[in-house]
Amino acid sequence: MRYLPLTNEDRSAMLARIGAASIDDLFVDVPESARLSGPVAGLPNHATELAVERHMGALAKRNLSAGEAPFFLGCGAYRHHVPASVDHLIQRGEFLTAYTPYQPEIAQGTLQMLFEFQTQVARLYGCDVANASMYDGSTACWEAIVMARRVTRRNKAVLSAGLHPHYVSVAQTMARFTGDVLETALPTLEATTDAARLLDAIDGETSCVVVQYPDILGRIGDLSEIAARAHEKGALLIAVVTEPVALGALRAPGEMGADIVVGEGQGIGVGLQFGGPYVGLFACKERFVRQMPGRLCGETVDAEGKRGFVLTLSTREQHIRREKATSNICTNSGLCALAFSIHMTLLGEKGLRDLAMLNHGLAVKAADRLAKVPGVALINDGFFNEFTLDLGREARPVVRSLADRGILAGVSLGRLYPGVAALERGLVVAVTETSTAEDVEALAAGLEEALA
Amino acid sequence: MTINQSGWKPEMGDGNAPAGTTFTGNRGLMLEEALIFEIGDSHTTGVDLDAAPAIASRLSGLERNREIGLPGLSEPETVRHYTRLSRQNYAIDLGLFPLGSCTMKHNPRLNEKVARMAGFADLHPLQTIDTVQGALGVIHELAHWLTTLTGMPAVAMSPKAGAHGELCGLLAIRSALEARGDARSVILVPESAHGTNPATAAFCGYAVENIPATAEGRVDLAALKARLGPDVAAVMITNPNTCGLFERDMKAIADAVHDAGALVYCDGANFNAIVGRVRPGDLGVDAMHINLHKTFSTPHGGGGPGAGPVVFSEALAPYAPLPIVEKAEDGYHLVEEETAGEHHADSFGRMVAFHGQMGMFTRALAYILSHGADGLRQVSEDAVLNANYVLRSLEDVLDAPFGPSGPCMHEALFSDDGLADGFTTLDVAKGLIDEGYHPMTMYFPLVVHGAMLVEPTETESKAALDQFIGALRSVAERAKAGDEALKSAPHFAPRRRLDETAAARKPVLVWKAPEVAEAAE
């Protein structure tokens, strides 16, 4: 087997040193009845590299990949062009095959990268500090709600109707067990967000209000008023950003008063990958730092006075605090954080802003073109690179029929909110720098045909 | 013209190496690298983009109106920055990485290649099901391997890492208990458990109590039995345990737990020691997470991403989280909230957006298919053989508290007993850095004083083990002899010992321009 260096001679010599007659002697502590006498039944034996590549290649071919079709899906996962150097650099063995940097003297590469990442995220979100990553946006969102409970000692969270339904679902799953109370609502096919509802819902028992920006339908609402009301009532504002590129064009949530900003970082540096692994971003105001979940990298000096970096404030964490930890998270999303950070360094302020305005411009043109298709109406007044169309009839079968014709048209709200009649006509369309004018024309023509 | 055809004998001079620092701060190939905030600026970019179309913006009046503060670098500068940073890291690709409990084995590059196939890498999670049949096929095929290797009937694929898998298992346990109207409040955890176990139990609302260990380093069955009662929801056990020992009484523990109406959670972090030789399902386990980034070699990436699928017994299978991939005559189906009511009405719900760590599934499946059932059996045999070889080669120089009681599994545990006064496990660890190794796991498990947990894994050759054994022996002998130089090790790493106390006392977590940082003082 190509990954196993020991030879039979090695094995014999090693057994002799150990003083064991056979390998079985090393498994004596396993009860006889639980020991298998040979390979697990019903599974194939080892395969060559070529055979495995063929097998996996055949499975890969049974998918219609985004690059093969006019493609317009978003809703929490965005297709952006990732520069070739990003994937090259994250595959350097010193990054790829390193562990969590527990031994800082020989992990400065990962640690410095994390320090840079934390700073990039904090600045992008308009916050004081950020952590070294979470699993993804949805789990970061729940961790933020839990953190708000710790900070405010209240357990009622108000969730915006515009929050990604999977994020809502994750929070509902957890809240059922933790006793947290979640006030939720369904979105409506209207131009405005549910800010008015949120302002009414915040009261003296509210721990936090959770608002997605831009929201699941692509709408953009000012967070300032919600932040002010939350603070007046002693609650925190948690902003959720599922498309990081949007913040190249839009005001940062932290600037509008958000106390905690979390989100999905996938859109920068990390490919679609059918939903994972992604990278959760987590930032907050400095005064809450000791209530944060996850790893934190901090600056310090070594014995010679040279600047260096270490994992710090680990008394919040499970390996030290055990059941009193702020979270159970251990392994996070280090390599995806690296990909995010490299792509962000390549972009820089100028590149991110240009990329954001390119996305927005293409999306505006596409929205106007698609709104001209008979029977189609644009819901949004404002949007970044994602907007919602009212198709005048159930969108889900339309999306399926367009997929049959090789067009990946967007995400039907019927997929995200099954059984909700008021939303079934909605189609969420995302337009990025990877969408061409021909793609938009193909979608327009496809919609026209499907809706005729 | 060829240079130096006959061999050039350099004039060495008779001076010593210069004292102090170089102009650059570099030392030969040991290169210093500034932060991107110090070398980049807001005008520079390493990407070329199409010009944005001229449109009137529709950003709801919320356009950015302040500088973000994100430095950019050109592409060559970017490649160099991260390449230079990478060289300050230790990694499996550089050498043996004996970090106990973390399973730092070789990461085959075939796995990276298949994960990057466009059919997997460039696939949106919300595409229509007809367009992602191959991806669902990967999940289904990997699930089949995991259930068959563990002898468990069901598996939840979506948890994102080991601790997330623990959460998944405990939520299923709590759901099952609530379904029978028997909400319980306590989880029992051995003293030697990973910190994630108690943290996870607390995260989903349980009280946590410790179970003591025997002098042999195993769960104290009598103490466990004495504590079991109507308030105990589950016992979380790591097997093989964090002392590197197989819990011989696992079946008896499981029987006692079940008799008391509770369930058995197994932390599967160490499944690599028994894969292909023991099926946890045969030992009475109800739920166990599998770290794909340990047993099945998806890369650790400097701290993730991982993946933590959870296998379930019949008792817990109905409560498994969404989504679930099922095979039918017309292809693969993805069971989400919409259709869960039909066959999965008891599912406890969704743990993540989308469907889990697809990029890790493709890698793990490629690894599993490469080994096959026979190769995986060889994996656990070689992992255990290598660990015992280390244990028996070093127990004369390092105290092995559980060495006398028999063989270890995939990792060898030593203590600081016998080191010279004032010398600690930390000194041994830092000494190993100077020898060119990543240290072993230090001070864990907590049940052994100054623990050193060494996990060589199966992907080390005998020659590599012999050299490592020689190095650890040498460092241990120095620590026993009281070699003061060890107390200031490492001497040859990119950094000397770092001041972690100062870092925590006044945390600096983001970069600030020197004038801003000073103003804040």
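Where in chain B does UniProt place the feature "domain: Aminotransferase class V"? I looked this up before anything else, and the record, an unreviewed entry, puts the feature at residues 184-301 of chain B. I keep in mind throughout that this is a predicted model.

**Entry 1: the annotated span.** I took the C-alpha atoms at the two ends of residues 184-301 of chain B and found them 38 Å apart, and I noted that the span is 21% helix and 21% strand.

**Entry 2: chain B as a whole.** I counted 15 helices and 12 strands in chain B, whose C-alpha atoms fill a box of roughly 80 × 75 × 55 Å along the principal axes. Of the 521 residues in chain B, 58% are buried. When I turned to contacts in chain B between residues at least 6 apart in sequence, I found that 74% of them join residues at least 24 apart.

**Entry 3: helix α9 of chain B.** I listed the buried residues of helix α9 (residues 250-259) of chain B, which are B:Met250, B:Ile253, B:Ala254 and B:Val257. They sit on the same side of α9(B), because the arc they cover around the axis is only 95 degrees. The general rule I had in mind is that an α-helix has 3.6 residues a turn, so residues three or four places apart point the same way. As for what these buried residues pack against, I found α8 (221-227), β4 (232-238) and β5 (263-267) of chain B. Just after α9(B) I noted B:Gly261, which takes a positive phi of about 80 degrees.

**Entry 4: helix α9 of chain A.** I then did the corresponding search in chain A, where helix α9 (residues 224-232) has A:Ile226, A:Ala227, A:Arg229 and A:Ala230 as its buried residues. Seen down the axis of α9(A), these fall within an arc of 165 degrees and therefore line one face of the helix. The cover over them includes α8 (195-201), β4 (206-212) and β5 (236-241) of chain A. After α9(A) comes A:Gly234, with a positive phi near 80 degrees.

**Entry 5: B:Arg279.** Is B:Arg279 buried or exposed? I placed the residue in the loop between β5 and β6 (287-289) of chain B, and it counts as buried because it has 21 C-beta neighbours inside 10 Å, where the cut-off for burial is 20 or more. Leaving aside residues up to four places away in sequence, I found that B:Arg279 touches A:Leu36, B:Leu149, B:Thr150 and B:Gly151. I also checked B:Arg279 against B:Leu35, which is 244 residues away along the chain, and their C-alpha atoms are separated by 49 Å.

**Entry 6: the two chains together.** How many residues of chain B are in contact with chain A? I counted 179 residues of chain B in contact with 173 residues of chain A. On the chain B side, helix α11 (residues 358-394) gives the most, with 22 residues. By class, that side of chain B has 84 nonpolar, 59 polar and 36 charged residues.

**Entry 7: helix α2 of chain B.** I found that helix α2 (residues 75-86) of chain B, with its 12 residues, reaches 16 Å from first C-alpha to last, close to the 16 Å expected at 1.5 Å a residue. Its buried residues are B:Thr78, B:His81, B:Tyr82, B:Leu85 and B:Ser86. Because they cover an arc of only 130 degrees around the axis, they lie on the same side of α2(B). Their cover includes α3 (84-90), α4 (93-96), α5 (108-125) and α11 (334-371) of chain A, together with α1 (36-39) of chain B.

**Entry 8: domains.** In chain A, I read off domain 1 (66-81 + 348-451) and domain 2 (84-343), with C-alpha centres 27 Å apart. Their contact takes 33 residues from domain 1 of chain A and 27 residues from domain 2 of chain A. On the domain 1 side, the elements giving two or more residues are α11, β11 (386-390) and β13 (426-430) of chain A, and the largest share, seven residues, comes from α11(A). That side has 18 nonpolar, nine polar and six charged residues.

In chain B, the assignment gives domain 1 (112-365) and domain 2 (375-503), and I found their C-alpha centres 30 Å apart. Here the contact takes 18 residues from domain 1 of chain B and 18 residues from domain 2 of chain B. The domain 1 side divides into eight nonpolar, seven polar and three charged residues.

Methods:
Residues numbered from 1 in each chain as written. Chains lettered and ligands numbered in written order. Predicted model: local features only at pLDDT ≥ 70, side-chain atom pairs only at ≥ 80, totals over all residues. Contact = placed C-beta atoms within 7 Å. Helix = DSSP H or I, 4+ residues; strand = E, 2+ residues; numbered from the N terminus. Nonpolar A, V, L, I, M, F, W, Y, C, P; charged D, E, K, R; others polar. Expected span 1.5 Å × (residues − 1). Buried ≥ 20, exposed ≤ 12 C-beta atoms within 10 Å, placed from the backbone. Arc of directions from axis to C-beta. UniProt positions renumbered as here; feature names shortened; annotations may be inferred. Domains from an automatic or database assignment.
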